[in-house]
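Open the model in your viewer and keep the selection panel at hand. The stops below go from charged pairs to one helix and then out to the whole chain.

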Amino acid sequence: MALPRLVPAAGVEDEQIADLRAEVRTFIAEQLAAGAFTPTVDAWLSRWDEDFTAVLAARGWLGMTVPVEYGGHGRSFLERFVVTEELLAAGAPVAAHWVADRQIVPSLLKYGTETQKRRFLPRIVRGECFFGIGMSEPDSGSDLASVRTRAERVEGGWSLSGTKVWTSGAHVAEAFIALARTAPVDPKNRHAGLSQFIVDLRSPGIEIRPIISMNGAHHFNEVILDGAFVPDDMVFGEIGDGWRQVTSELSFERSGPERFLSTFMLLAACADRMAANAIPRNAELGRLVARIAGLHQMSNAVAGALQRRDPADLPAAVVKVLGTTTEGDIAEFAHLQDSPDAVFSELVRAAVDQRPGFTLRGGTNEVLRGVIARGLGLR
């Protein structure tokens with residue numbers, strides 16, 4: 001199925017970026033022709049394929065921003081943006097490496113020790129090390145300041161106890177970065193006393209329970225920490241500086257093209273079928289295409305800000321709110337069409353199933369609207 005060209009073509013971008021985009025599109029076409037994967041919606045969350053990850057690693061498309069000294073490729077955030085955008089638009093199975101490449105890599109480069117960088121970065125680049133995120137907790141919603149997981153000082157390290165939920169891929173990942181309290185709650189500053197730790201998910205004192213979605217899928221998990229030991233060399237960043245670190249990391253989680261391309265395959269399917277008169281022509285399709293084009297520009301601008309190390313928390317939140325709302329609207333638009341074939345019907349089903357999660361993950365849109373209002377001085 002041909003994808004509508006909703007992202008810039010050569011001549012709009014500089015020559016190097018345009019050439020890279022063309023290279024990725026050629027690769028995807030070859031993979032599709034070889035039957036290497038079946039395009040689907042929300043593939044960055046639900047399609048774990050370590051073989052496909054290995055193929056990307058061999059082409060140098062993992063750890064693109066990692067410096068050469070750590071086994072990486074020393075490329076820019078914008079180059080990485082192009083690769084990830086094209087893979088997402090094609091519905092490629094990128095879940096295995098997604099968290100490690102999107103979030104753990106820049107976090108390690110910013111806050112990791114030399115030991116941590118040399119232990120994890122080369123293996124992430126090679127597609128051999130997979131990570132999860134240990135932020136969310138039961139009854140906490142998007143209020144990370146309310147986390148109750150405790151980290152207590154013990155000989156040689158820290159003992160962690162508590163529960164993390166909605167941990168994508170924890171049952172197959174090697175480690176996650178957990179946010180925990182290392183000091184009592186200060187009523188005057190709830191964000192104080194938080195710290196981060198790199199936790200080996202295969203170590204003693206950890207139980208991983210599956211969270212099965214209503215459609216029977218398993219990618220979320222509950223991770224129970226019961227005195228799990230974390231050595232001192234796996235403290236991530238500075239003790240007590242967890243809140244600042246987490247908010248910085250969320251810029252990478254909230255602003256990427258996955259926040260508006262989860263249902264792109266379905267939008268492409270609508271366009272193809274509308275062009276073939278298999279579904280009625282509808283001006284709403286054009287409005288959705290325009291929204292995706294605008295979100296592409298916004299997300300690309302955030303990638304540029306991250307490349308310059310400019311603050312990006314607020315624009316990242318804007319991209320997340322507008323992008324995930326658009327993803328849901330695409331699912332709704334397609335759901336209202338008469339299903340012309342089995343492939344289309346399956347894409348619609350998957351999009352509708354996943355739709356409730358679009359605005360929840362990465363911080364609920366309701367909470368992020370408050371973040372945006374405060375950032376703009378409206379509250």
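A salt bridge here is a side-chain nitrogen of Lys or Arg within 4 Å of a carboxyl oxygen of Asp or Glu. The model is a predicted one, and a search of the whole of it turns up 22 such bridges.

**Stop 1: a network**

Select Arg21, Arg25, Glu85 and Glu86. Salt bridges link these four residues in a network. Keep Glu85 and Glu86 highlighted, since both belong to the buried residues of helix α4.

**Stop 2: helix α4**

Extend the selection to residues 77-89, which make up helix α4. How far apart should the ends of its 13 residues be? At 1.5 Å a residue the expected span is 18 Å, and the end C-alpha atoms are 18 Å apart, so the two values agree.

Colour the helix by accessibility next. Of the 13 residues in α4, 12 are buried, so the helix is mostly covered, buried being under 20% relative accessible area. Among them are Phe77, Phe81, Val82, Val83, Leu87 and Leu88. Charged residues are on the list as well, including Glu79 and Arg80. After α4 comes Gly91, which has a positive phi, near 70°.

**Stop 3: the annotated domain**

Select residues 18-128. An unreviewed UniProt entry places the feature "domain: Acyl-CoA dehydrogenase/oxidase N-terminal" on this stretch. In the model, residues 18-128 are 64% helix and 0% strand. The C-alpha atoms at the two ends of the stretch are 29 Å apart.

**Stop 4: three more pairs**

Side chains of opposite charge can pair when their charged atoms come close. Begin with Glu207 and Arg209, whose side chains form a salt bridge with an N to O distance of 3.0 Å. Glu207 is partly exposed, at 38% relative accessibility. Arg209 is also partly exposed, with a relative accessible area of 38%.

Move to Asp341 and Arg273. Their side chains meet in a salt bridge at 2.8 Å, N to O. This pair links distant parts of the chain, 68 residues apart: Asp341 sits in the loop between α10 (313-335) and α11 (342-358), while Arg273 belongs to helix α8 (residues 264-275). Which of the partners is buried, and which is partly exposed? Arg273 is buried, with a relative accessible area of 13%, whereas Asp341 is partly exposed at 28%.

Finish with Arg355 and Glu332, a salt bridge in which the closest N and O atoms are 3.0 Å apart. Arg355 is in helix α11 and Glu332 in helix α10, so the bridge ties together parts 23 residues apart in sequence. Both partners are partly exposed: Arg355 has a relative accessibility of 31%, and Glu332 has 34%.

**Stop 5: the whole chain**

Clear the selection and show the full chain. It has 12 helices and eight strands. The radius of gyration is 21 Å, close to the 21 Å that the globule rule gives for 379 residues, so the chain is as compact as a globular protein of that length. Along the principal axes, the C-alpha trace spans about 70 × 40 × 40 Å.

Colour by accessibility once more: buried residues account for 53% of the 379 in the chain. The exposed area is about 16200 Å², with carbon and sulfur atoms supplying 54% of it. For a contact map, take residues at least 6 apart in sequence: 74% of the contacts among them join residues at least 24 apart.

Terms used
Residues are numbered from 1 along each chain as its sequence is written. This is a predicted model: local features need pLDDT of at least 70, side-chain atom pairs count only at pLDDT 80 or more; totals for chains, interfaces and linings use all residues. Side-chain values use heavy atoms; hydrogens and water are left out. Helices (H or I, at least four residues) and strands (E, at least two) are DSSP runs, numbered from the N terminus. The expected span of a helix is 1.5 Å times one less than its number of residues. Buried means under 20% relative accessible area, exposed over 50%, partly exposed in between (1.4 Å probe, protein chains only). UniProt positions are given in the numbering used here, feature names are shortened, and annotations may be inferred rather than shown by experiment. The radius of gyration is taken over C-alpha atoms; the globule rule is 2.2 Å times the number of residues to the power 0.38. Contact means heavy atoms within 4.5 Å. Accessible areas come from the Shrake-Rupley method with a 1.4 Å probe; for residues, only the protein chains shown count as cover.
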